[in-house]
Amino acid sequence: METFWFCVIALFWLGFLFLEGFDFGVGMLLPVLGKDNTERRVMINTIGPVWDGNEVWLIVAGAATFAAFPLWYASLFSTAFLALLLFLVALIGRGVAFEYRGKVDSERWRKNWDRVIISTSWVASFGIGFVLTTNVHGLPIDEIGDRVGGPFSYLTWQGIVGGLAVSGFSLVHGALFTALKTEGEIRERARALVLKMAPVALLPLVVTLLLVQFEFGGPATWGATVVVLLAAVGSLARLWAGREGQAFALMGVAVVATVIALFGAMYPNVLPSTVDPAFSLTIENASSSSYTLTVMTWVSAFGAPAVLVYQGWTYWVFRKRIGVKNIPPVHVPS
């Protein structure tokens, strides 16, 4: 049962990285692909109906970790609380910016909120990449899961590379999503940008995966790492051929393989200790009771399908491409 819930939490993180990854990317690329206010509104409208629903995956990942592995949750949040706090503040600021950007018909007002969307998208993507990678490589915790050292003792260069990995991936994923969901000049601009920047933007992700595999990897996770590389190359090839849908799907395969490579390399640990391997939290010593895990399984058996059906319906309803001709004139309620 502990292994099952470890896999479920990995699945929740997979959903968050795949869905929120292009959200972050669209926000980061707002001034690059949107040359005026109308084009920026096109980009925001591509994620407008879905961005808040995508964050549900982060909430359920945190809640499932708290309920299934309370020691993992407590040690991670108490040790890396500054990075997590910055990440959460960025998510809140991003949501506020989306809501307030169109409340006043002023170019200065919109540009200020655009700056908030751009900066918080960068901070949030970097922050979650930093926390995830640091978790995989381990935190300085003692035998009872408490942090050893000061409030910044968990800062490592591997974590910084991991933050750049998720930011770089989000850039590519967001541009791919923009090419898939828009038409006209924005679509062509997004396609050209992906083909130009992908080799550099995805380099930190490759470095992160290789670092993790050399330290913790086995045959299965090395295989997943190879799949990441093949899927990313295949995605760019399909985009070159003008098949944005297939390119986006292959990038999704790369995300699945990335999560398998990272979580598989960590298993059976949930939080390795960099102080002493004997202090590491595992699926055995950090989990809740069997009764709790059984109740969670029954609850999720009914709740998870409902969330999947709702999100699938949302993406189906808003599946069509949009362009500048679909954007109505600015209207501010009096």
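In which helix is Thr208 found? Thr208 sits in helix H11, where helices (H or I, at least four residues) and strands (E, at least two) are DSSP runs numbered from the N terminus. Before we go further, please keep in mind that this is a predicted model, in which local features need pLDDT of at least 70, side-chain atom pairs count only at pLDDT 80 or more, and totals for chains, interfaces and linings use all residues. Residues are numbered from 1 along each chain as its sequence is written, and side-chain values use heavy atoms, with hydrogens and water left out.

Let us stay with helix H11 for a moment. Thr208 has a relative accessible area of 6%, so this residue is buried; the word buried means under 20% relative accessible area, exposed means over 50%, and partly exposed is in between (1.4 Å probe, protein chains only). Not counting residues up to four places away in sequence, Thr208 touches Thr133, Val161, Gly162 and Ala165, and contact here means heavy atoms within 4.5 Å. Leu211 also lies in helix H11, which spans residues 203–216. With a relative accessible area of 25%, Leu211 is partly exposed. Its contacts, leaving aside neighbours within four places in sequence, are His137, Trp157 and Gln158. For a sense of scale, Leu211 and Arg115 are 96 residues apart in sequence, and their C-alpha atoms are 34 Å apart in space.

Now turn to the interior. A nonpolar core is a set of buried Ala, Val, Leu, Ile, Met, Phe, Trp, Tyr and Cys residues joined through side-chain atoms within 4.5 Å. The largest one here has 97 residues, and the members touching the most others are Trp13, Phe16, Phe69, Trp72, Val172 and Phe263. Helix H1 (residues 2–28) gives the largest share of this core, 15 residues. Take Trp13 as an example: beyond residues up to four places away in sequence, Trp13 touches Leu58, Ala61, Ile128, Leu132 and Phe263.

Helix H1 also holds a charged residue, Asp23. Asp23 is buried yet has no salt bridge, a salt bridge being a side-chain nitrogen of Lys or Arg within 4 Å of a carboxyl oxygen of Asp or Glu. The nearest side chain of opposite charge is that of Arg94, 4.6 Å away; for this purpose Lys and Arg count as positive and Asp and Glu as negative, while His and the chain ends are not counted. Apart from neighbours within four places in sequence, Asp23 is in contact with Ile47, Trp51, Asn54 and Arg94.

Elsewhere, charged side chains do pair up, and the whole structure has 13 salt bridges. One of them joins Asp114 and Arg40, at 3.0 Å from N to O. This pair links distant parts of the chain: Asp114 is in helix H8 (residues 107–137), Arg40 is in helix H3 (residues 37–47), and the two are 74 residues apart. Both Asp114 and Arg40 are buried.

A network of salt bridges links Arg187, Glu188, Arg191, Glu244 and Arg321. Within this group, Glu188 pairs with Arg191, with the closest N and O atoms 3.5 Å apart. Glu188 and Arg191 are three residues apart in helix H10 (residues 185–201), so about one helical turn separates them. Glu188 is partly exposed at 43% relative accessibility, whereas Arg191 is buried at 15%. Glu244 forms a salt bridge with Arg321, again with the closest N and O atoms 3.5 Å apart. That bridge joins distant parts of the chain, with Glu244 in helix H13 (residues 244–266) and Arg321 in the segment after H14, 77 residues away. Glu244 is buried at 3% relative accessibility, while Arg321 is partly exposed at 30%.

Helix H10 is also home to Leu195. Leu195 is partly exposed, with a relative accessible area of 27%, and is in contact with Leu236, Leu239 and Trp240 once neighbours within four places in sequence are left aside.

Two more places deserve a visit. A cis peptide bond joins Tyr267 and Pro268, with omega about 5 degrees, and Pro268 is found in the loop between H13 and strand E1 (269–271). Finally, Trp316 has its place in helix H14 (residues 290–317) and is exposed, with a relative accessible area of 56%.
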